[in-house]
Amino acid sequence: MTVATETLVGRSVPRVEDAALLTGRGRYMDDLPVRRDTAHLAILRSPVAHAAIRGIDTARARALPGVHAVLTGADVAALTRPMTVGVKADVECWPMARDRVRYVGEPVAMVVADSRYIAEDALDLIALDLAPLPPVIDPEAALAPGAEVLHPSLGTNLINERRFRYGDPEAAFAGAAHRISIEVRYPRNSCTPIECYGVVGEYDPGEDAYDVTANFQGPFSIHAVCALALKVPGNRLRLRTPPDSGGSFGVKQGIFPYVILTAVAARAAGRPVKWIEDRLEHLMASVSATNRVTRLSAAVEPDGRVTALDWDQIEDCGAHLRAPEPATLYRMHGNMTGAYDIRNVAIRNRVVLTNKAPTGLNRGFGGPQMYFPLERLMRRIAEDLGLDHLDVIRRNLVPSGAFPYRTATGALLDSGDYPAALAAALEEGGYADLLARRDAARAEGRLYGIGLSVAIEPSISNMGYITTVLTPDQRAKAGPKNGAQAVATVAIDPLGAVTVKVASVPQGQGHRTVLAQVVGDTFGLPLTAVRVNTEMDTGRDPWSIASGNYSSRFAGAVAGAARMAAERLRGRLAAIAAAQLNIRPDRVVFAGGRIADRDNPDNALPFTRVAATSHWAPATLPEGTAQTISETVFWTPDQLEAPTAEDGVNSSLCHGFIFDFCGVEIDRTTGQPRIDRYVTMHDCGTILHPGMVEGQVRGGFAQALGATFYEEFAYGEDGAFLAGTLADYPMPTVMETPEPRILHFTSPSPFTPLGAKGVGEGNCMSTPSCLANAVADATGARDLQLPLTPARMADLVFPPETPPARTGTAPAPPAARPGERALTGAGRAEVAAARAAVWDMLLDPATLAAIIPGAHGVERVTDTHFRAEVTLGVGPVKDRYRADIRLSDMDLHRGVTLSGVVEGGLGSGRGEGRITLSDRDGGGTLIEYRYTAGVGGKVASVGGRLLDGAARVVIGQFFQALARHAGGGGAAPRGLIARLRALLRRNA
Amino acid sequence: MKPPAFDFLRPDTVAEVLDTLARHGGAAVLLGGGQSLVPMLNMRLSRPAVLIDTLRLTQTAVIEDRGDTIRVGMGVRQAQLEHWPALPRRLPLLARAIPWIGHVQTRARGTVCGSVAHADPSAELPLCLLALGGHVHLRSRRKTRDLPADQFFAGMMSTARAEDEMIEAVSFPAAPPGTGHAFREVARRHGDFAIAAVAGIVGPAGATLAIAGVDDIPRRFALPAPGDSALDDALDGIAWTLNARDDLHASARYRRELVRRLGRAVLEEAAACRI
């Protein structure tokens, strides 16, 4: 007989974490105790996208009581080295700007003070003298000849370019019946954790050692980057992580420049320093996913079979190439053929630098940018050839029975049966019913579309994939890099209780639950008998450069390593128990908290008693049996080899399969999309905890929904950052997120100890193209730009407007493009004064002083150049600004162009307006004006919704005042001002 | 994201509030529920020298049914009005509109008069006040005055309130018999600032449409009743008359479409629910 066992793995056991998290007892970064003398750090950030730093005056900030230290880029540089850059290029990457700022939000100075309040007061007292440089925002414009260069030492904005060729793509294209192409501009976004960055740093001058606690998530290769930058050996940078995480999704990899800054601040201030990032800082300057311009062509046979792909990718990594970038571009390199059996591939990869925030890890990491063009292209092939999209997918899938399958670009697809999983999804997910729903909706005149997409979800990254960015020669010189070392320790204490530690940092994946399941099963123990410690400490714990929590490696790699460590201990415990039970070791079973004889369950010992033997009576262990106190396993899979000389790379160990389909209806009244059905089929290998797998799928789906319809880190043409609040960076909430139908197909991975694969990122890759394909199906649209905002949907859904015939009451406003934050407007005013009199007023400082809103005096520099101090604002939002105004294109008594720049604490603005004067019927002057203005800095980042109206208010005030002035000269008939006000209200 | 230093005053009486306002004028800001002002303070967009907390003036948290009008005192939170038992009967437009204001949590804090004073161009309560032809009751140490809503809203976040005045109450006309009310709004997400919010009132005297989120202030128009062939042209005229804004979330063109399409929808709905 056998001892009955009920395993923990594979069941949705209650999460160990939840009791604390749901009752407010989480221990997040900001909750941790700090030393009593800890000071607080605040960071001054660049208000503009691109400028030379002429000077930073910190004297007033230093003098503020409660301030301990003020540091600029030069001060930081004196204590550090530049951060390591992942490509061979002549650039320096510093955590704080030195001679130039390159993106809105780039740190330029920092203050350490008794409180964050005082530190922020001190930031207000720092005077920045910036000389603006032309901003480079668009990645293609960055490559244009004559484009402003961000890093003069590099001489170009193209920091890396590589071309790849696999199979014979030229012959395939030459021989193909069709060449079908798509162009995609994938936007910037982020997965936006609830908890922002946080760091507490301390410096011990006696040992020249830093001790930092940060909600960093890994990879711990970044520890090396920080130690090198801080100019200490690795053992003098002790990096610890808190027990709980308020989410990361990759984003908390990007904290490392702040680890360096906080450590340096602590050294300068001579005390521990704490920095907690606020939401505005996080949105504008933590890390974004990359935006990418992709031109993708397929060589296609008449039946839709794709024989070759030609990728041209321009990756925008922002202002600095921060480690591990350009990894976003190379993470998918082995998977550039998606789920398809395509043997010929050409790839051109260019990495460009622009005046935007640096990029880094983000859930999906390169997948969304790559699958959106690929899966939109597969639909386009169906459209262009008059085929069913589903058939095009089916004809190209990697066939059943082909696994393990080596892709053209080098990935080794570990396991799966894609056609079978797809067929199961169609059946279980009700695809036939969905087709009927679409037919019924369309018969009623409703806008309804179906979308499809497939994806391979890679997990457990090969540390060596990033070296594909180097040429084979460069790689040969640098030596091979590969692997994915996972580290786990299982320990037993003198009372026989089990503790698990792993070199991974939880971000909500339920580490403590899953590891307790895995180890509990190994020892036949209940969940509660195993305790998992998820804090990491590089000074005490075993770890490797690949440690951390990224690339969906927890279930496959980390939990597998824990299983191996537990199994090693179990083998020894079995030997000890066998001796005590007087049986052969192969008869020992672990179940129900006991270690027993398989053939005679009454012959048993409590697990704890056997487990404690190694502590209490080490001399009694059987000959040749090692201690059972602690076992650490370092696991790396053999399949993760270094890139080959032909640039083939197995970029990830595991490859899940996803097939999504959905129905989307678009409301004919509002243009708003509604997801009617969403079905997502996953093959993620062995499922360890079904509830958490479902949570991963739902989370990825919600974030993909954000990327599809809501979220963008939008920049103005001038580089102003426009999404600095969660009102302007709208993430879908539970109200906007429908329930996806989640299906599973199970092909265990032969390459991981538990058969598990990653599942955390897949829907970030599959869902945007699936939803966009449905919108295309509903509307007939060819090109879709994400996010599909209401304005973009309106253009797809509503017929063109016919503006009413203008009666000449107001000039038409200049066309403004949706989403662009160049403000434009136009208006007019009628005044009683003659043209010449109005002209004189516009050129007279005294008049200007009277009519510029909030002017505190106007200084004439030349006849056409004025300076003023002005208070501008609407409602309670007011601040004082320095204004610089110039007149040009002067056409005497007929027209003049006013251009101006204002700068103040809340931001800066620049604008240009053309004023024309003409005679009014019946006397007086008609003043007409058109303006364009750009607003930058904090006010643009957090007040975008109101800028248009605010500009109108302020400019309207100017012309109201001008009209009052012109009417006040005696020539105006009574009641003019009232009429003017009415007019201005209507037109301004 | 910490505010600069300011003096915090918490008067016990309305008279003290008025004295404080008279003394500090534009340097003082009244704190209601704080749902707009506190983020502005934390982002240092607003830097008042003095913050006057009005939330302890519980004697002003009164909803008074005066027959023709419902008077809502300055201390009344949005949630309090939302749950006033007579609301669906006496102010059916507000009963429909209030659930669109932010979220349960923000309505529990935000006050009715505070929203009117803030005059956000997308806000629902200013829209309803204007649509119904309500009044704003202003009080300073010098005097009291009542302004009709259409004279109160002057521009984006700008009103006719003088620096030494506070809004003592607002009055909404009670729904007359034979009138139907409807409200709809489109936002990026539930609870976001409205891209367009539209209130429709249809009664014996004709139809009224009021629109927020499109122009810098809420705007009100008299319109032909639904069924009249002139309605579509009139809505199109309104769409072009309004100074529709472009912003990060929506284009002026989309806002005009919503004026036409939601405008028609709410008027039809209002006509259908006349009681």
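In this predicted model, Leu30(B) stands opposite Ile52(B), a residue of β3(B). That pair belongs to a junction between two strands. β2(B) and strand β3, residues 50-53 of chain B, run parallel and are joined by 4 bridges.

Step back to the sheet around them. It is open and has 3 strands, in the order β1-β3-β2 of chain B, with parallel pairing. Its edges are β1 (7-9) and β2 (28-31) of chain B. Each of these edge strands pairs on one side only. From one strand to the next, the twist averages 25°.

Now place these strands in the chain. Chain B is divided into three parts: domain 1 covers 7-53, domain 2 covers 60-173 and domain 3 covers 180-272. How far apart are the centres of domain 1 and domain 3 of chain B? Taken over C-alpha atoms, 34 Å separate them.

A database record offers another division. An unreviewed UniProt entry lists residues 1-177 of chain B as "domain: FAD-binding PCMH-type". That span is 33% helix and 24% strand. The C-alpha atoms at the ends of residues 1-177 of chain B lie 50 Å apart.

Further along chain B comes a hairpin. It joins β6(B) to β7(B) through 4 residues. Strand β6 holds residues 135-139 of chain B, and strand β7 holds residues 144-148. The two pair in the antiparallel sense over 5 bridges. Within this pairing, Leu138(B) stands opposite Arg145(B) of β7(B).

Turn next to chain A. It has 26 helices and 35 strands. Its radius of gyration is 32 Å, and the globule rule gives 30 Å for 988 residues; the two are close, so chain A is as compact as a globular protein of that length. Along the principal axes, the C-alpha atoms of chain A fill a box of roughly 120 × 75 × 55 Å.

One sheet of chain A is worth following strand by strand. This open sheet has 3 strands in the order β4-β2-β6 of chain A, and the pairing is antiparallel. Why is one side of β4 (100-101) and of β6 (127-132) of chain A left without a neighbour in the sheet? Both stand at the edges, and each has a single partner strand, so one side of each stays without a neighbour there. Strand β2, residues 51-57 of chain A, is joined to β6(A) by 6 bridges, and the two run antiparallel. Among the residues paired this way is Ala51(A), whose bridge partner in β6(A) is Pro132(A).

UniProt also has a feature for chain A. The unreviewed entry places "domain: Aldehyde oxidase/xanthine dehydrogenase a/b hammerhead" at residues 23-134 of chain A. Over that stretch, chain A is 19% helix and 31% strand. The end C-alpha atoms of residues 23-134 are 51 Å apart.

Last comes the place where the two chains meet. How many residues does each chain bring to the contact? Chain B gives 39 residues and chain A gives 46 residues. On the chain B side, α2 (37-42) and α11 (252-272) are the elements that give two or more residues. α11(B) gives the most to that side, with 8 residues. By class, the side of chain B that touches chain A has 21 nonpolar, 6 polar and 12 charged residues.

Terms used
Residues numbered from 1 in each chain as written. Chains lettered and ligands numbered in written order. Predicted model: local features only at pLDDT ≥ 70, side-chain atom pairs only at ≥ 80, totals over all residues. Contact = placed C-beta atoms within 7 Å. Nonpolar A, V, L, I, M, F, W, Y, C, P; charged D, E, K, R; others polar. Pairing = 2+ DSSP bridges. Axes fitted to C-alpha atoms, helices over the stretch in contact; angles between N-to-C directions. Domains from an automatic or database assignment. UniProt positions renumbered as here; feature names shortened; annotations may be inferred. Rg over C-alpha atoms; globule rule 2.2 N^0.38 Å.
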